[in-house]
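Dear colleague,

I am passing on the structure we spoke of, and my notes on it follow below. Please read them with the model open beside you.

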Amino acid sequence: MTDTSADIKVETTGVALSGGASVRDYIALLKPRVMSLVVFSGFAGLIVAPGYLHPLLAAVAVLCIAVSAGAAGAINMWYDRDIDAIMERTKSRPLPKGRISPEEALSFGVTLTLFSTMLMGLAVNWTAAILLASANAFYVFIYTMWLKRSTPHNIVIGGAAGAFPPMIGWAAVTGSVDLQSIVLFLIIFMWTPPHFWALALFREGDYAKAGVPMLPVVAGTESTKRQMLLYTLVLVPITLLPSFLGTAGPLYGAAAVLLGLRFIYLSVQVLRDDGVRYAKRMFGFSIMYLFALFGLMMLDRAPGLLSLFGLTGAAG
Ligand code: HEM
Ligand SMILES: CC(C)=CCC/C(C)=C/CC/C(C)=C/COP(=O)(O)OP(=O)(O)O
């Protein structure tokens, strides 16, 4: 089969490329739904950072975060194609379904990784580029290739990869890593275990079948639920720090308290629940929670946002 544009045809599932893969399959490789929050938090870091970045460069920085995070997702799917084929949740992905070959997925991921890192470095700055490459490498090498299959602490340490984006957005503007951006990192770092373990509680069978040592499989549901509560109790005070450090204002602070109390309440309900009803609720809430926190943080910095687009002289 030749690999020319003449092979591109339209099918009911979208535009199909030669070899049977469609554009939709390649988009699926980028894990777009999970990455939406990764990109949103990266954008928030960029907005709340002090200083000015030209809107075009801001757009390039956000694009680089999106592309690199998606590329890491594609390499993750290349490496995990064996276990993805076993789990209900992942068995319809393009690799287990045979719509994209392992080689194509890997070269797609590596190419996009190199492209986004270079673009970030050349167009924005090299601090942001190094952080971007570190997040990508952390997710691929530390989480996917090492910890995910070897320890129930995989999420706690590996989750650091997903905590980089606000720090990357911040560095795109400031060229540095500061206490305030480290706090943004810590928020996602502490949020990830309750976020993921909530899902793992109601997907435990999948992970057991695939032999992945997620905490509920190895330590049991009770212990997992206790650890979720513990992480949530540490997380909520950390979410208040941006108000004290001047990264955000009182609107964010008040919302962080209310949202945090709701998160703690759900963790307690998860602990008391015999089934998985509250785990499902907590997983859904965890996503809304992080979107809301970073969204409000940006709203609190609306003057900075306006100045980014040159609409006022008041820089953030
Ligand atoms: C090691 C850390 C993490 C693990 C293992 C993890 C795992 C998962 C899994 C397995 C899902 C279900 C996705 C699916 O069914 O396709 C999910 C959903 C999601 N995750 Fe995470 N996650 C992690 C960190 C993060 C981070 C850092 C973010 C963003 C800041 C994030 C954002 C999301 C979002 C937005 C969804 C919902 C996707 C949807 O609507 O289907 N996750 N996560
Ligand atoms: C460059 C950059 C900013 C990278 C950040 C990428 C990142 C760490 C994203 C969030 C983590 C995530 C999707 C975990 C799921 O992996 P999994 O393999 O456990 O999930 P799966 O079973 O759905 O494949």
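**Annotated spans, core and ligand shell**

Residues 283-299 are 100% helix and 0% strand, and the C-alpha atoms at the two ends of this span lie 25 Å apart. Please keep in mind that this is a predicted model. The span is one of those that an unreviewed UniProt entry annotates as "transmembrane region", the others being 34-53, 59-79, 126-147, 154-173 and 179-202. Over residues 34-53 the chain is 75% helix and 0% strand, with 26 Å between the end C-alpha atoms.

The largest nonpolar core holds 96 residues, and the members that touch the most others are Leu46, Ala128, Leu132 and Ile168. Helix 3, which runs over residues 55-79, gives the most to this core, contributing 14 residues. If neighbours within four places in sequence are set aside, Leu46 is in contact with Leu53, Ala58, Ala61 and Val62, and also with Gly169, Trp170, Ala172 and Val173.

Turning to ligand 2, there are 19 residues around it, of which Ser68, Ala69, Ala135, Ala161 and Gly162 come nearest. At least two residues of this shell are supplied by each of helix 2 (32-48), helix 3, helix 6 (126-147) and helix 8 (160-163). Helix 3 again deserves a look, since with 5 residues it gives the most to the shell around ligand 2, just as it gives the most to the largest nonpolar core. By residue class, the shell around ligand 2 comprises 11 nonpolar, 5 polar and 3 charged residues.

With best wishes

Note on methods:
Residues are numbered from 1 along each chain as its sequence is written. Chains are lettered from A and ligands numbered from 1 in the order in which they are written. This is a predicted model: local features need pLDDT of at least 70, side-chain atom pairs count only at pLDDT 80 or more; totals for chains, interfaces and linings use all residues. A nonpolar core is a set of buried Ala, Val, Leu, Ile, Met, Phe, Trp, Tyr and Cys residues joined through C-beta atoms within 7 Å. A residue is buried if 20 or more other C-beta atoms lie within 10 Å of its own, exposed if 12 or fewer, and partly exposed in between; C-beta atoms are placed from the backbone. Helices (H or I, at least four residues) and strands (E, at least two) are DSSP runs, numbered from the N terminus. Two residues are in contact if their C-beta atoms, placed from the backbone, lie within 7 Å. UniProt positions are given in the numbering used here, feature names are shortened, and annotations may be inferred rather than shown by experiment. A residue is near a molecule or strand if its C-beta atom, placed from the backbone, lies within 6 Å of it. Ala, Val, Leu, Ile, Met, Phe, Trp, Tyr, Cys and Pro count as nonpolar, Asp, Glu, Lys and Arg as charged, and the others, Gly among them, as polar.
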